[in-house]
Amino acid sequence: MAANTAYDKVLAARSNERPTARKYIEGIFDWFMEFHGDRRYGDDKAVIGGLASLYGFPVTVIGLERGTNIKDRVERNFGCAHPEGYRKALRLMKQAEKFHRPVITFIDTAGAYRGIDAEERGQGQAIAENLYEMATLKTPIIAVLIGEGGSGGALALAVADEIWMLENSVFSVISPEGCASILWKDPKYAREAASCLRLTASDLFSLGVIDRVIKENPDMSSTIRMLKKRLRVATERKLQMPINDLIEQRYRKFRRQGL
Amino acid sequence: MLSRNLFKKPNNVLENVGKTSKYVKPQVPEDLWISCANCKTLILKEELFENNKICPNCSFYYRLAPRERLAMIVDEDSFVEHDKNLVSKNILKFPDYDSKLKKAKDTSNEKEAVVCGVAKIKGMECALFVMNSEFMMGSMGVVVGEKVTRLFEYATQNRLSVVGFTVSGGARMQEGVLSLMQMAKTSCAVKRHNDTGLLYITVLTDPTTGGVTASFAMEGDIILAEPGALIAFAGPRVIEQTIKQKLPEGFQRSEFLLEKGFIDAIVERKALRDTLANILKLH
C-alpha cells in the first residue's frame, strides 16, 4: 500500500490484488441487481450496472469492472469498454433520470478499448454522447475513481456533480507508458512520465479537478464503510437541491477547469 | 488516396531507404512547383491553390490552415476573431512544453490550435471555429477548450448557429488531466447551445482523432466530413499496436464512417461553402 512515487501509485492502481468495482458495489449497497445490455448491440461485460439500494434509498450504480480472475478478466476485456458498454451506461443513467434517483459510478479502467470493432461501432461517438448527456442529466451524479482512471474511457462516466478519488487511485489523460513513448521514444521512462502527468489523487485535488480524496485503509471494509456514509450524505444533499441549480453547479464545475 | 502510413514514423533511417531511393528529387525551382505528397506528380503551386489545395492529379486533400479555410468559406471581410490573444501556459511545468509551444507559434503563425469568431457565409451569420493541424497537431489543451467553450456560450447568448472545422490529434498530454477535462467542458457548452434550439454543424477534416472525436466533433446536429479524412478515436498506429495486425484499406476514413452510419455526408471542398450556406438558410 505504501505507494511513494506517482508511478508506484499507477502500478498499485492496476494491481490484480486491488479490489474491483464489484467488490465496492457489494460492500456499499444493501441490495444490487445487475441490468444488462445497451438495447442496440449487445452486453459489454466491462461495464456493470443496475439498480441498488443505499440505506433503503434507490440509486443507479454503474461500474467499470476489470474482473477478478484470469477467465473473468478476459471476459470483461480487462475493464476496457466497447461503445456498447458506454451506451449501456447511458441507458441506465437515463433510467435514473426518469425516476430521479442518484447515479453513482465506480471507475477503474486502463481506457476505452482501442480495436477495430470498437472503432467500427463508434467509440468516439459513444464517449462524446455520454459527456454531452451527462452535462444536463436531471439527477445527481457522483463518480468515484477506485483504481486506474484511463483518459476518455474514464471520463465517459465522470461528468458528475462530484468526482471523488480513492487515495491510491490515479486519473490520467494518457498512460505513463504511452506518454513516455511519445516524449522520449521509450516506454521505459514511464516513471518520469507519471510524475510529469500529475495523475495522483492529491495532485488532482490541488488542481481542482476532483472534489474529494477518500482515505484508504488497509482493511477494505473500513474504506467501504466510509464511502457508504459519504455517498449517503452527498446524494441526500444533492437530491434536496432544485434540479436547475444542480445542473448549473455541474456546468460551473467543468466550466472552470484549467482556469 | 491518402498514404496509409500517414501516422507511421520510420523506426530508424533504414526504413525509409526503399522509398527515398526510388524517388529522385527533380531539379525544379521549389517556389513554383511542388511534388504532390500523395502521388508525387509535379504540380504548379498556383494550380494547387486555385484548386482549393487539392491535387489536380490524384485529388489528394492538403490540410488547410485556419486562415485558408476561412478565406474559402466565409464572406470577404466578414470574419471577426474572438479571443485571439489567449495563449497557453505550462501549468504543470511539463518538460519541453514551453519550447514546443514556441515552435508551434513560429511555424503556424497562430497563438493556439484553434481560431474562433463570427462571420457570414453567403450572408448567413454564424459563429465559427477552425482547428489547426500546424499547431501541435491541433491538440486540445485548456486554451483550445476555453476558446471553443466561449464561442458556444457567445453563440447561445446571441442566438447563432455554430460551424466547426475539426482537425486534431486529441487531448494535449502536456496539460495532463486538465486537457482531458476540456472534453467535458466543451461538451457541457455544446449541450447548452443545443438545448436552446440552435444549430451546430461540424466538418471533420483530416485527421480528427482522440479526445476531440470523443467530444465536440461528434456532437454536431449535422456532421459532415471532407473526403478521405481520417476520423477515429484511437488512431491506426495505436490500434495496430493493440491488435498486432495491419488494418484494412480505407479503415477509419470518411467513407468508412459514412458506411457505418457515423456521419451525415461527405462534402467535397469546393462544394462546402454552398452546402453550409444552404443548411444555414433552412434553420
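Tutor: One term before we start: two residues are in contact if their C-beta atoms, placed from the backbone, lie within 7 Å. This is a predicted model, so local features need pLDDT of at least 70 and side-chain atom pairs count only at pLDDT 80 or more, while totals for chains, interfaces and linings use all residues. Residues are numbered from 1 along each chain as its sequence is written, and chains are lettered from A and ligands numbered from 1 in the order in which they are written.

Student: Thanks! So what is Gly250(B) in contact with, leaving aside neighbours within four places in sequence?

Tutor: Glu255(B) and Phe256(B). Gly250(B) sits in the loop between helix H8 (236-243) and helix H9 (254-260) of chain B; helices (H or I, at least four residues) and strands (E, at least two) are DSSP runs, numbered from the N terminus.

Student: Is Gly250(B) exposed or partly exposed?

Tutor: Partly exposed, because it has 14 C-beta neighbours inside 10 Å. The cut-offs are 20 or more other C-beta atoms within 10 Å for buried, 12 or fewer for exposed, and partly exposed in between.

Student: And which residue in that loop between H8 and H9 of chain B has a positive phi?

Tutor: Lys244(B), which is not a glycine, has a positive phi of about 55 degrees and lies in that loop. With 7 C-beta neighbours inside 10 Å, Lys244(B) counts as exposed. Lys40(B) also has a positive phi, about 70 degrees, and is found in the loop between strand S1 (33-35) and strand S2 (42-44) of chain B.

Student: Where is there a cis peptide bond?

Tutor: From Asp206(B) to Pro207(B), with omega near -15 degrees. Pro207(B) belongs to strand S7 (residues 200-208) of chain B.

Student: Switching to chain A: how many helices and strands?

Tutor: Chain A has twelve helices and eight strands. Buried residues account for 54% of its 259 residues, and the C-alpha trace spans about 50 × 40 × 40 Å along its principal axes.

Student: Which residues of helix H9 of chain A are buried?

Tutor: In H9(A) (residues 190-197), they are Ala190(A), Ala193(A), Ala194(A), Cys196(A) and Leu197(A). Looking down the axis of H9(A), these fall within an arc of 165 degrees, so they line one face of the helix; the arc is that of the directions from the helix axis to the C-beta atoms.

Student: What do they pack against?

Tutor: Helix H1 (6-14), strand S7 (170-172) and helix H8 (176-184) of chain A, plus helix H6 (176-195) of chain B. Just after H9(A) comes Arg198(A), with a positive phi near 55 degrees.

Student: Nice, so on to the chain A and chain B contact. How many residues does it take from each?

Tutor: It takes 38 from chain A and 41 from chain B. On the chain A side, H6(A) gives the most, with seven residues.

Student: And the core: which residues touch the most other members?

Tutor: Ile107(A) and Leu131(A), in the largest nonpolar core, which has 148 residues. Such a core is a set of buried Ala, Val, Leu, Ile, Met, Phe, Trp, Tyr and Cys residues joined through C-beta atoms within 7 Å. H6(B) gives the most to this core, with nine residues. Apart from its neighbours within four places in sequence, Ile107(A) has contacts including Leu64(A), Ala143(A), Ile146(A) and Leu157(A).
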